[in-house]
Every structure is written in C-alpha cells, then in structure tokens.
Amino acid sequence: MALSPTEARAAAAAGCPVDHSAAASSGVDHHGYEPFDLKDPFPAYAALRASEPVMYDERIDCWVVTRYDDVKSTFENWETFSSENAQAPVRERGPQATQIMKDGGFTAYSGLSARIPPEHTRLRAIAQRAFTPRRFKALEPTIRENTRAALAAMLANPERAGDFFGQVAYDIPTITILTLLGVDPSLVPTYKRWSDSRAAMTWGNLNDEEQVPHAHNLVEYWQECIALVTAAHRDGGDNLIADLVTAQDGGAEITDHEIASLCYSLLFAGHETTTTLIANCIRVLLAHREQWDQLVEDPTRIAGAVDEVLRYSGSIVAWRRKALADAEIGGVAIPKGANVLLVMGSANRDAEVFENPDVFDIARPDARNHLSFGFGIHYCLGNMLAKLQAKIVLEETLIAVPQLQLAGADIDFRENLSFRVPLSVPVTWEI
Ligand code: HEM
C-alpha cells in the first residue's frame, strides 16, 4: 500500500538513528558537522571551510570537502576521483535486505551517475540524444496545467492554509517524468514510495530491520523498469524509453539492462530533487518577502531567482567520489581507495567566490556558478527540465496567489547525507 505524502514524510522524519554523542565521546572535533542532520548545516559548513576544509569523518568513512575550489576541481578531475561510489549504500546492506533483493532479481545498476568512462561516455551520449528540447517543450503545457490544478485544489481550502510541499511541489515533477517516460501518471504514489525507499536505502542511515520494507520496494521498482523496456519493445510509443529502444534498433550500443537502469535512475532523479527545488523556491522566497514581491512585479526575473535558490538552498548538498590513486585535495593527502564527500551546499556559500554568501539575493550576478548540479562529465542531465518546472510553478503561483505567506519559519528537513528535503512548507493566504 502506498504511503501518502504526509505519511511518507513522517516516516522519513521519524527519529535520527545517528548517535550524535559519538563525536564528543570519541574526542574527535567535527566542527559541529553532523552528516545526516540537514536542518541547518550552514554554520558547521562555515566552520569546516574556515578550520578544516578537508576533514576525514570516520562516522561516514568519507573525506568531507567544503571549499568551492576544492569541490569543483575534484568534480572536474574524474580520472582520479571516480563517481563509482555515488550510488553505494552509505550504511552496509543488512543480510535480510540482501536476501530479499537477491531473491527478487534486483540487478539494477546506476543509469549514469555511478558509471565511469568509457561506459559512461557511451551511455551519456545516447541518453543525451533522447533528452531533446522538443520533448521538454512538449511537456510545458502539461506542467502548467498540472500546476494550475494543484494550486486550485490547495486554494480551495476554506481555512486558507495548506502545505505547498505536499499539495503542489510533491506531485508535479513526478507526473512530468512519468509522462516523459510514457508511464501512467496515476502511478505517482507508487513511484514516490519506491523513490523514498531508494533515497533511504542509499543515502539514509537505516539499521538492518529498517531496510527490509525498502528492499521489497526496490525489487518492485526494478522489476517495473524491466517491464517498461519490454513494453517499449512490444508497443513502441512517443516517449523517452521508446526513443532509447529505437536508438538500440538503429544500432546504438545500449543493452536492455542499460535502458532499464536509465529508467531506474530517471524515475528517481527526475522528480525527487525537483520537488525539493520547487518547495525551496516558495519557502526561501516567502521568507524574503520583498524579493517575492519583486517577482510579482517583474516575473522576467524568475529564472535568475531559481538559480539563486539553487545556490542558497540546493536540493542535493553533498555527493560522493572515490580516489582511484593517492591524491591531494586542498593540500591534504587523500589515500587511494578513500571516499570523498563533496559538499556543494558549503561550496555555494564560500565567500572566496560569492559576495556575502549567506545573503539570499535574486539579483546576484553570479548565482549560476553554484555547484548544485555537480560539475564536469556527470553534470546533471536534467538541469534544464528541473529549472523549467520551477519557473512554471513560480509563474503560476505568483499570478494565482501573490499574497501567499509562509506560516512558520521553523521547518524540519529529512535526515539524509545528500538530499536536503523540507518535510513541509506550510502556507496561508488571504483572499
Ligand atoms: C533541482 C533538481 C536537480 C538537482 C539538484 C540535480 C542534481 C544532480 C547532481 C548533483 C548530479 C550529479 C552530478 C555529478 O556527479 O557531477 C546529477 C546527475 C544527474 N541528474 Fe540531476 N538533478 C536535478 C534534476 C534532475 C532531473 C529533472 C533529471 C532528469 C529528468 C536529472 C537527471 C540526472 C542524471 C541522469 C544524472 C547523471 C548524469 C551523469 O552521470 O552523466 N536530474 N543531478
């Protein structure tokens, strides 16, 4: 049975299993950094940048990198720092979950983000060809229509109060990616359940028992990806999976397993982070009322505002790499085989690059230099689609309800190493 958005978020928020006292008792100074606590990580990021910009954290077995130049140059140096660990579970998979996944034929591998050249180069070129501007353009009216419908449903509440995260931001990008891939959009709750499991199993902090229901979900999810590829072979269609199958028929070097792996990636990456971006646009702009009002006056500034939201409050605050050789980051020796955590959420607040980095400013000229989509050969393939959706939702919201208010600034965030997801964005409005 699918969890409702509220149930799913409550489940994700239920208690942080990290022992936060461990740092103090071990005597190691982590400068206030708590890897899974993303409520307000920015003071700890600042402390790390100032005191120990490349710090080994034994709690996650990662070298934590927090300065902009170091993060960017490590992303760039793919020959030494590979992305092969990007999708590895942060917490070891327990025996029960392992068995469930083995019995269920779970052989999913990363679509792109954890693949390395030359395999990555081959698959990215094929996937990129399917990510055509024509496909995105065709989606625009659907995104706008879905946004209007979601806003109308929320605004119908006579209490004049709602949760922008659960009622507007949650479904829209999921419907978009399902439509893009030719999947029935009524399956949003199912895909959200699978995606929540994927985020929890890979970047969460679950014990063996907690992993079990998620393992079942991942088996279902993967089997569905395989079924989608089989259906595309059989039925064709005007969608991205059919495009990949057609490319294969036309001689492109891609296997069915690789297409299913791309589906497995896109049906997660294609909405999870965009839901967060949309929620963050509303949350951060409403918290800076004068800038919200500037957008009401002049919607042509929305695209710039979306970039500043991505810089100031990115959907993914940290991403992993693995050292393939003895190397160095910011003058610190990194041994071969070590895991590296590139903290983009910190890099985006580095005063060496951004003036007054803790100030949210939609007029900032260089906001686009943020690292929230990564950098280099793995740079986010869906960045245009994510920004397009955020732009459309903002445009429609500013028109439909310019008087929207944030109903409480103390918002909690999901416990996670990488995905900084607000649990709700409570809003109110006057007629
Ligand atoms: C706000 C929304 C999004 C954020 C913050 C985001 C962030 C990221 C990040 C940090 C990476 C890893 C980059 C690296 O390793 O250098 C990535 C990769 C990727 N993203 Fe996104 N993403 C977003 C939306 C999307 C959407 C909408 C899609 C698909 C429709 C998508 C598809 C991908 C794919 C396929 C990759 C792997 C690219 C590769 O390894 O070559 N993303 N994204």
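Two strands pair if DSSP finds at least two bridges between them. Under that rule, an open sheet of 3 strands has the order β4-β10-β9, with antiparallel pairing. Helices (H or I, at least four residues) and strands (E, at least two) are DSSP runs, numbered from the N terminus. This is a predicted model: local features need pLDDT of at least 70, side-chain atom pairs count only at pLDDT 80 or more, and totals for chains, interfaces and linings use all residues. Residue numbers start from 1 along each chain as its sequence is written.

**The open sheet**
- β4 (161-163) and β9 (405-406) stand at the edges of the β4-β10-β9 sheet, each with a single partner strand, so one side of each is left without a neighbour in the sheet.
- β9 and β10 (residues 426-428) run antiparallel and are joined by 2 bridges.
- Gln405 has Thr428 in β10 as its bridge partner.

**Strand β5**
- β5 covers residues 319-323, and 5 of its 5 residues are buried. Buried means that 20 or more other C-beta atoms, placed from the backbone, lie within 10 Å of the residue's own.
- Both faces are covered: one side holds Trp319, Arg321 and Ala323, the other Arg320 and Lys322.
- On β3 (residues 81-82), 2 antiparallel bridges lead to β5. Here Phe81 stands opposite Ala323.
- On β8 (residues 339-342), 4 antiparallel bridges lead to β5. Here Trp319 stands opposite Leu342.

**Helix α13**
- The 14 residues of α13 should span 20 Å at 1.5 Å a residue, and its end C-alpha atoms are 20 Å apart, which agrees. The expected span is 1.5 Å times one less than the number of residues.
- α13 is largely enclosed by the rest of the structure, because 12 of its 14 residues are buried.
- Among the buried residues are Glu258, Cys263, Tyr264 and Phe268.
- The buried residues of α13 pack against α6 (119-130), α9 (172-180), α10 (188-203), α11 (208-235), α12 (240-249) and α14. Contact means C-beta atoms, placed from the backbone, within 7 Å.

**Around the ligand**
- There are 30 residues around the ligand, and Thr273, Gly374, His378, Cys380 and Gly382 come nearest. A residue counts as near if its C-beta atom, placed from the backbone, lies within 6 Å.
- α13 (256-269), α14 (272-287) and α18 (383-400) each supply at least two residues of the shell.
- By class, the shell has 15 nonpolar, 14 polar and 1 charged residues. Nonpolar here means Ala, Val, Leu, Ile, Met, Phe, Trp, Tyr, Cys and Pro; charged means Asp, Glu, Lys and Arg; the others, Gly among them, are polar.

How values were computed:
Two residues are in contact if their C-beta atoms, placed from the backbone, lie within 7 Å.
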